[in-house]
Amino acid sequence: MWNQVKSLRLSLALVRILFVLIIILACCTPIMVHWYDVEYGHGVGLLEGSVYFPLIICLYLAAICGEVCLFHLAKLLQNLKNEIVFVAVNCQYLRIISWCCFLASIPFFIFGFWRFLSFIVALAAGFFGLILRVLKNVFDKAVALQEENDYTI
């Protein structure tokens, strides 16, 4: 039977797997980007020419944001697993994760001038950061209510 404990374990395992996978893919990025540049070098965008260096920079910056995001997401999930839910540190984790999403959207937005489809990735990352920001604000209110409740006799 599927329950909350199994769901948290699965989420934590997937976060850890993705953390390692991003590191492996970062090592393969120059090869993949070279292939993309050779095969699809004639893409649609405002700027012409090779996309090798802009795409490598974009992907490495996004990978750094992703690793920071996954690290804090693992810490958040670990707190949830330990039943530490409405505490200020979880709000801090959500804040960091949302800023990572916003920061990851910047290189994709800039790369959008070479490939228009990158604007969609930037929009998605920014939108996800916004959703996490709202969730962080909800957690902030819940933490305040929890602290007020703890001081009430």
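**Entry 1: the loop after helix 2**

I began with Glu83, which sits in the loop between helix 2 (52-81) and helix 3. The model I am working from is predicted. I looked up the backbone of Glu83 and found a positive phi of about 60°, although the residue is not a glycine. I then asked whether Glu83 is buried or exposed. Its relative accessible area is 70%, so I noted Glu83 as exposed.

**Entry 2: salt bridges**

I looked up how many salt bridges the structure has. The count comes to two. Side chains of opposite charge can pair when their charged atoms come close.

I took the pair of Asp140 and Arg95 to begin with; their side chains meet in a salt bridge at 3.9 Å, N to O. The cut-off for a salt bridge is 4 Å, and the pair is within it. I checked where the two partners lie: Asp140 is in helix 4 (residues 118-151) and Arg95 is in helix 3 (residues 88-111). The pair therefore ties together parts that are 45 residues apart in sequence.

I went on to the pair of Asp140 and Lys136, whose side chains meet in a salt bridge at 3.1 Å, N to O. Both residues are in helix 4, four residues apart, so about one helical turn separates them.

Asp140 appears in the bridge to Arg95 and in the bridge to Lys136. I recorded Arg95, Lys136 and Asp140 as linked in a network of salt bridges.

I also looked up the accessibility of each member of this network. Asp140 has a relative accessible area of 30% and is partly exposed. Arg95 is at 25% and counts as partly exposed. Lys136 is at 5% and counts as buried.

**Entry 3: positive patch**

Which residues form the positive surface patch? I found Lys6, Arg9, Arg16 and Lys81. Helix 1 (residues 4-39) gives the largest share of the patch, three residues. I looked at Lys6 as one of the patch members. Lys6 is found in helix 1 and is partly exposed, with a relative accessible area of 38%. Patch members need over 30% relative accessible area, and the 38% of Lys6 meets that cut-off.

**Entry 4: cysteines**

I searched for disulfides and found zero in the structure. Cys69 is in no disulfide, and the nearest cysteine sulfur, that of Cys101, is 4.9 Å away. A disulfide needs the two sulfur atoms within 2.5 Å, so the 4.9 Å between the sulfurs of Cys69 and Cys101 does not qualify. I noted Cys69 as buried, at 15% relative accessibility.

Cys91 is in no disulfide either; for this residue the nearest cysteine sulfur is that of Cys69, 16 Å away. Is Cys91 buried or exposed? At 1% relative accessibility, Cys91 counts as buried.

**Entry 5: Arg133**

I closed with Arg133, which lies in helix 4. Arg133 is partly exposed, with a relative accessible area of 23%. I looked up the separation between the C-alpha atoms of Arg133 and Cys27 and noted 31 Å. Along the chain, Arg133 and Cys27 are 106 residues apart.

Conventions
Residues are numbered from 1 along each chain as its sequence is written. This is a predicted model: local features need pLDDT of at least 70, side-chain atom pairs count only at pLDDT 80 or more; totals for chains, interfaces and linings use all residues. Side-chain values use heavy atoms; hydrogens and water are left out. Buried means under 20% relative accessible area, exposed over 50%, partly exposed in between (1.4 Å probe, protein chains only). Patches are made of residues with over 30% relative accessible area and no salt bridge: like charges are joined within 9 Å, nonpolar side chains (Val, Leu, Ile, Met, Phe, Trp, Tyr) within 5 Å. Accessible areas come from the Shrake-Rupley method with a 1.4 Å probe; for residues, only the protein chains shown count as cover. Lys and Arg count as positive and Asp and Glu as negative; His and the chain ends are not counted. The place of a charge is taken as NZ of Lys, CZ of Arg, CG of Asp or CD of Glu. Helices (H or I, at least four residues) and strands (E, at least two) are DSSP runs, numbered from the N terminus.
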